Amino acid sequence: MNPLAQQLCDTIAKENPHVYEMLSELGKQIYFPKVGILSQSAEAKAKANKFNATIGTALENGQPMHLKIIQDTLSAYNPKDIYEYAPPAGKPELRAAWKVKMLEENPSLQGKSLGTPIATNALTHGLSIVADLFAGPGDAVVIPDKNWENYELTFGIRRGAELVYYPLYNEQRKFNADALRSALLAQKGKGKAIVVLNFPNNPTGYTPGPEEGNAIVAAIKEAAEAGINVVAVTDDAYFGLFFEDSLHESLAGKLADLHPRVLSIKIDGATKEEFVWGFRVGFITYAGQSEAMLAALEQKTMGIIRATISSGPHPSQTFVLRALQSPEYKAQKQEKFEIMKGRANKVKALLDSGKFGDVWEYYPFNSGYFMCLKLKTVDAETLRLHLLDKYGIGTIALGETDLRVAFSCIEEQDLQELFETIYQGVIDLNKVASK
Ligand SMILES: Cc1ncc(COP(=O)(O)O)c(C=O)c1O
């Protein structure tokens, strides 16, 4: 093993042997080169006041070389904040600003040890770093039956992990913490499990309430007490879009110092929260560990980043940083929140009007971008195709019964027509079936 990787592993094993046991083979081997091009270049940036001939970029007139046609469209920004490579862990000011935001919005993280968020090429990349560092062939990744499909590729196909599913809702239409507990305890033989918690949930738009949140945390604690090392990942992609009285913060806080066998990792980012899907700015943050452990995990994370994308996009990091620092940021976000909440409320009012109950029910939702219908009489994929072909309406079919509707994409005044047309689509298919 490379001596630097060995050093990091030794630190991790000394600080918390359970976290060491959680590492995948790749997670053990990876390290961030301390004496490579990047570190020599960083040293030169600080000290080489005559000529700096270290890094593979280009300078002209004391600033990054650039084309006028590009700079003309970005003239609000200084070339140094756009063209230079961002550091592998992200722009330091952005990382600091995101941490401030995270602490403000998640009081349960306050007073706990918390790493500085490491910038990723958005949330998918953060999840894939978790997979690289912690998931190996046969490791269990415990997720609800209603989930974001990409976990399958990230953890299953890429890393050979085994996806273990539990029902998201119980009979009371609340989060099924008992099922989570059973799915976790079933991993006792493996001694390890990766749990991905995603609230607001994609595809259902569900966030548990405070009691349900406590039950989730208790289930994870019980698994840890049973000797299972739990990598507890919160995928907070839709964070902040809480329209009702559910939890309004990430469970990463409560998971942070829950038990020595629990490692809390928060995955979040600007993608959905700041409505910048194509910018590719996200973060991975480790919580509830010693400073030495946080530093070692940061080095391992930077190793994966260096080995895969080298560094994230600098312009987008600059754009997001400027937004976070702007005095208008909170007011503008609130405005968008109200629009999304208005849409969610409208959808609920329509669905509760009693007009559609014969053909579908809907899964409980209270947050995020989506809601999900559970169809009673027609196949979801058949309906999806029919809606597309006959009415020009796009939805997502999930399994046999579920149809995901992204109300985030539909203006409030169009929602009635949308749901009435989906209903009409079902009626059309019912008629065909009864002929
Ligand atoms: C639950 C969830 N996590 C992560 C992502 C990925 O986000 P990003 O586009 O930032 O990679 C999505 C995107 O659809 C998502 O729904």
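In this predicted model, an oxygen atom of the ligand is 2.9 Å from an N or O atom in the side chain of lysine 272. Two further pairs of this kind can be followed from the ligand. An oxygen atom of the ligand is 2.6 Å from an N or O atom in the side chain of tyrosine 238, and a polar side-chain atom of asparagine 202 lies 2.8 Å from a ligand oxygen. Around the ligand there are 13 residues, of which Thr124, Asn202, Asp235, Tyr238 and Thr271 come nearest. Asparagine 202 and tyrosine 238 thus appear both in this list and in the distances given above, at 2.8 Å and 2.6 Å respectively.

Next come the pockets. The largest pocket has a volume of about 930 Å³. Its lining consists of 36 residues, and those closest to the pocket centre are Ser41, Lys45, Ile55, Glu84 and Tyr85. Three elements, α4 (37–47), β2 (63–64) and α6 (92–105), each contribute at least two residues to this lining. Helix α4 gives the largest share, seven residues. Sorted by class, the lining of the largest pocket holds 17 nonpolar, 12 polar and seven charged residues.

The second largest pocket has a volume of about 540 Å³. It is lined by 20 residues, and Lys101, Glu105, Tyr329, Lys330 and Lys333 are the closest to its centre. Two or more lining residues come from each of α6, α12 (270–273) and α15 (329–351). Helix α6 therefore takes part in both pockets, since it supplies at least two residues to the lining of the largest pocket and two or more to that of the second largest. In terms of class, the second lining divides into nine nonpolar, four polar and seven charged residues. In terms of domains, at least three of its residues are drawn from domain 1 (3–32 + 88–325) and at least three from domain 2 (330–434).

A last stop is glutamate 291, which is found in helix α13 (residues 291–308). Is this glutamate 291 buried or exposed? Glutamate 291 has a relative accessible area of 60%; the cut-off for exposed is over 50%, so glutamate 291 counts as exposed. Along the chain, glutamate 291 and leucine 114 are 177 residues apart, and their C-alpha atoms are separated by 8.5 Å.

Key:
Residues numbered from 1 in each chain as written. Predicted model: local features only at pLDDT ≥ 70, side-chain atom pairs only at ≥ 80, totals over all residues. Heavy atoms only, no water. 1 Å grid on protein atoms, 1.4 Å probe; cavity = no way out; pocket = protein on both sides within 12 Å on 5 of 7 lines; lining within 4 Å. Points joined across faces, edges and corners; volume = space filled by probe spheres on them. Helix = DSSP H or I, 4+ residues; strand = E, 2+ residues; numbered from the N terminus. Nonpolar A, V, L, I, M, F, W, Y, C, P; charged D, E, K, R; others polar. Domains from an automatic or database assignment. Buried < 20%, exposed > 50% of the residue type's maximum accessible area, 1.4 Å probe, protein only. Near = heavy atom within 4 Å. Polar contact = N/O pair within 3.5 Å; in protein donor to acceptor, adjacent residues only side chain to side chain.
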